[in-house]
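Visitor: Hello! Could you show me the structure and walk me through it, one question at a time?

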Amino acid sequence: MSLTLLVAQLLNGLQYGVLLFLLAAGLTLVFGVMSFVNLAHGSLYMIGAYAGALAYGASGSFAVGILAAMAAALAIGLVLEVTIVSRLYRRDHLDHVLATFGLVMFFNELVRILWGPQPIFVQVPDVLSGTVDLFGFTYSSYRFAIIAVGLVVAVGSRLLIHKTRIGMLIRAGAQNPQLVSALGVNIGLLNALLFGVGAMLAGVAGAMAGPVLSVQSGMGEPVLITTLVVIVIGGIGSVSGAFYAALIVGVVDTLGRVFLPLILRQLTERSIADAAGPALASMSVYVLMAAVLALRPQGLFPARRG
Amino acid sequence: MKTSSAFRPSTWIPLLLLGLLAIVPTVASGFDQPYWTAFFARILIYAVAASALNLALGYGGLVSFGHALFLGIGAYAVGLCAFHGIGSGWLHLLVAVAAAAAAALVIGAISLRTSGMAFIMITLAFAQMGYFLLVSLKHYGGDDGLSVGSTSRFGPFDLGSTSAVYYAAWLVLVAILWSMARVRVAPFGMALRGARQNVKRVDAIGLQAHHVRLVAFVLSGMACAVAGVLLANLNAFVSPSTLAWTVSGELIVMVVLGGIGTVFGPFLGALLFFVLEEVLKGFTEHWMAVFGPVVVLVALFGRRGIAGWLEALNRKRPSPGPPDIVAPGRA
């Protein structure tokens, strides 16, 4: 097992983690501020992926694809917030689970009706199809771009939350929505905005994942469940916690997928090891989450509460 | 008092449906439609699983998003035993129930340290863990599943035929509905339902809410595993898809659709779920595009489910009996 393989897999893990962070940032804020369980976040990711793939295919420009994904996810996110989600904030989590489970069924089937069950394959844009040379070691520019975008979003969201008035209102809303509302802030609008931005980030994640993964109906759910793991590990409502947890989960999952089969090969037959490795790697993330919750039920980096 | 309650629509309508279901195999063979037996057997089995979930979800207020795991444990208990040449149904049942109890004890002990959202997530995570574990076991079919060569044999009674599974599922359902009705008013059920509303008060009167909830979670998992045993025999096939997270979601939908926290709700919910699925499938292969919005509407407006609607019928007619015990709203 060479050093280059390890570095490449670490970067892959980073890339996956960053993608998870884009999903987790919006979801954890919706969890933390509105206390809303949104299983349909994966559907917004899928919508972003489809909008991105179709707009990219039609226009030939990947940037247009990304913009289309952002617009589509933002629009659908806002419509969902106004029509369904905002009615459920005051209900218990069971109603959230139920309603968004229904939405997941609907969107998966809608996509299947509109674009069929076959996955759509998206080309990596020409500009980013090459490789980057890092100290004599090459790595795909596209994956590198994903990491860069994710880091930019992470820094941007940190600045937004800690340095701006909106961010202050978000933090205040997370602690005591009634009081913020009593101070004359339109908390309903703030919630809708937050939900919309979260949806938009999910859409970006979907569009960027398009060339790496296949775009198809139901693509949102595996990544959603991993994102939920990220949020629980990071501490519900904490964006910085989501960032660290996303990187941890991304790296653990990716390294597990690559190295567990190699390790298992030492112990058992090659065919069994190759089959069992990835599945055990998928489990490793859940084991991590169970361990974190058993030791620190509030997550590793819980949001500070007043 | 007991007799008057039996004549309420919320009681006699489910009982009538249950009675009608008892003659389905006879009618189906009369009309030479064996598919009906298999279809309704599936409903009965999921009704058992949903009723089991209702103990944790409805009575206990524990939103478990991972009950498909216990269904899968029951199914794989049959699958793995049969794979190794064990045909005794008693042993299948023992393995299923014991494994589910052990799993539920560990999962419950960890999950109950959290509440609210984290509880939903961690139960989901454990179910996913089980799912991926079974996918990884290529020796037992992995992703493709495992056919059950020899079905469960309880002495002379063999769950090999669809009608045998049907009658067994019907009996199990009747038993679980009866137990749920008894538990609802038993001290244990009272403590459990009390803990759903206010843990501190239950603790304050000297009961241990945590233990009550853990016991309910374990019992719920064990009953779900029995449904899994029946399911494996019905399909003569087990696969990790039994444990898919969507199955956990569907079980929750059945419970809420029928009426959460009621005795007959999960049974009515399972019945409506599959009948609606079957009817919608008759119109379009994209039935989920219609069913999804229905679920959303149920979440938005139909919170008391079918059982709640039947209870509303009770109140319309003048009843000499005492006023109905209305299920308190969920906190």
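Guide: Happily! One thing to keep in mind is that this is a predicted model. Let us begin with a ring in chain B.

Visitor: Is B:Phe291 buried or exposed?
Guide: A residue counts as buried when its relative accessible area is under 20%. B:Phe291 has 1% relative accessibility. By that cut-off, B:Phe291 is therefore buried.

Visitor: What kind of aromatic pair do B:Trp287 and B:Phe291 form?
Guide: A pair of aromatic rings is described by the distance of the centres and the angle of the planes. For B:Trp287 and B:Phe291 the centres are 5.7 Å apart, and the angle between the planes is 65°. Planes over 60 degrees apart get a name of their own, so this pair is edge-to-face.

Visitor: Which residues are linked with B:Trp287 into a cluster by ring pairs?
Guide: B:Trp287 is itself buried, at 12% relative accessible area. Ring pairs link B:Trp287 into a cluster with B:Tyr46, B:Phe273, B:Phe274 and B:Phe291.

Visitor: How many aromatic pairs are there over all chains?
Guide: Two rings pair if their centres lie within 6.5 Å. Counting by this rule over all chains gives 24 aromatic pairs.

Visitor: How many residues apart in sequence are the parts tied together by A:Tyr50 and A:Trp115?
Guide: The rings of A:Tyr50 and A:Trp115 are stacked, with 4.9 Å from centre to centre and 20° between the planes. A:Tyr50 belongs to helix α2 of chain A and A:Trp115 to helix α4 of chain A, so the pair ties together parts whose separation in sequence is 65 residues.

Visitor: Which of these two rings is buried, and which is partly exposed?
Guide: The relative accessibility of A:Tyr50 is 2%, so A:Tyr50 counts as buried. A:Trp115 has 36%, so the partly exposed residue is A:Trp115.

Visitor: Which helix gives the most to the largest nonpolar core?
Guide: In soluble globular proteins, nonpolar side chains tend to be buried together. The largest nonpolar core here has 206 residues, and A:Leu39 and B:Phe70 are among those with the most contacts inside it. The top contributor to this core, with 17 residues, is helix α4 (residues 34-59) of chain B.

Visitor: Which residues of chain B is A:Leu39 in contact with?
Guide: Leaving aside neighbours within four places in sequence, A:Leu39 has contacts in chain A that include A:Val97, A:Phe101 and A:Leu228. From chain B, the contacts of A:Leu39 are B:Phe65 and B:Trp245.

Visitor: How much area do chain A and chain B bury between them?
Guide: The size of an interface is often given as the accessible area lost when the parts come together. This contact takes 43 residues from chain A and 45 residues from chain B. Carbon and sulfur atoms hold 83% of the buried area, and the total is about 4000 Å².

Visitor: How many residue pairs are in polar contact across this interface?
Guide: Between chain A and chain B there are 0 salt bridges. The polar contacts across the interface, with both residues at pLDDT 80 or more, come to 3 residue pairs.

Visitor: Which side chain is joined to that of B:Ser152 by a polar contact?
Guide: B:Ser152 sits in the loop between β1 and β2 of chain B. With 0% relative accessibility, B:Ser152 counts as buried, and the residues touching B:Ser152 include B:Val78, B:Phe157 and B:Asn233. The polar contact, 2.7 Å long, is with the side chain of B:His92.

Key. Residues numbered from 1 in each chain as written. Chains lettered and ligands numbered in written order. Predicted model: local features only at pLDDT ≥ 70, side-chain atom pairs only at ≥ 80, totals over all residues. Heavy atoms only, no water. Phe/Tyr/Trp six-rings, centres within 6.5 Å; stacked < 30°, edge-to-face > 60°. Helix = DSSP H or I, 4+ residues; strand = E, 2+ residues; numbered from the N terminus. Buried < 20%, exposed > 50% of the residue type's maximum accessible area, 1.4 Å probe, protein only. Core = buried A, V, L, I, M, F, W, Y, C linked by side-chain atoms within 4.5 Å. Contact = heavy atoms within 4.5 Å. Buried area = accessible area lost by both parts, 1.4 Å probe. Salt bridge = Lys/Arg side-chain N within 4 Å of Asp/Glu carboxyl O. Polar contact = N/O pair within 3.5 Å; in protein donor to acceptor, adjacent residues only side chain to side chain.
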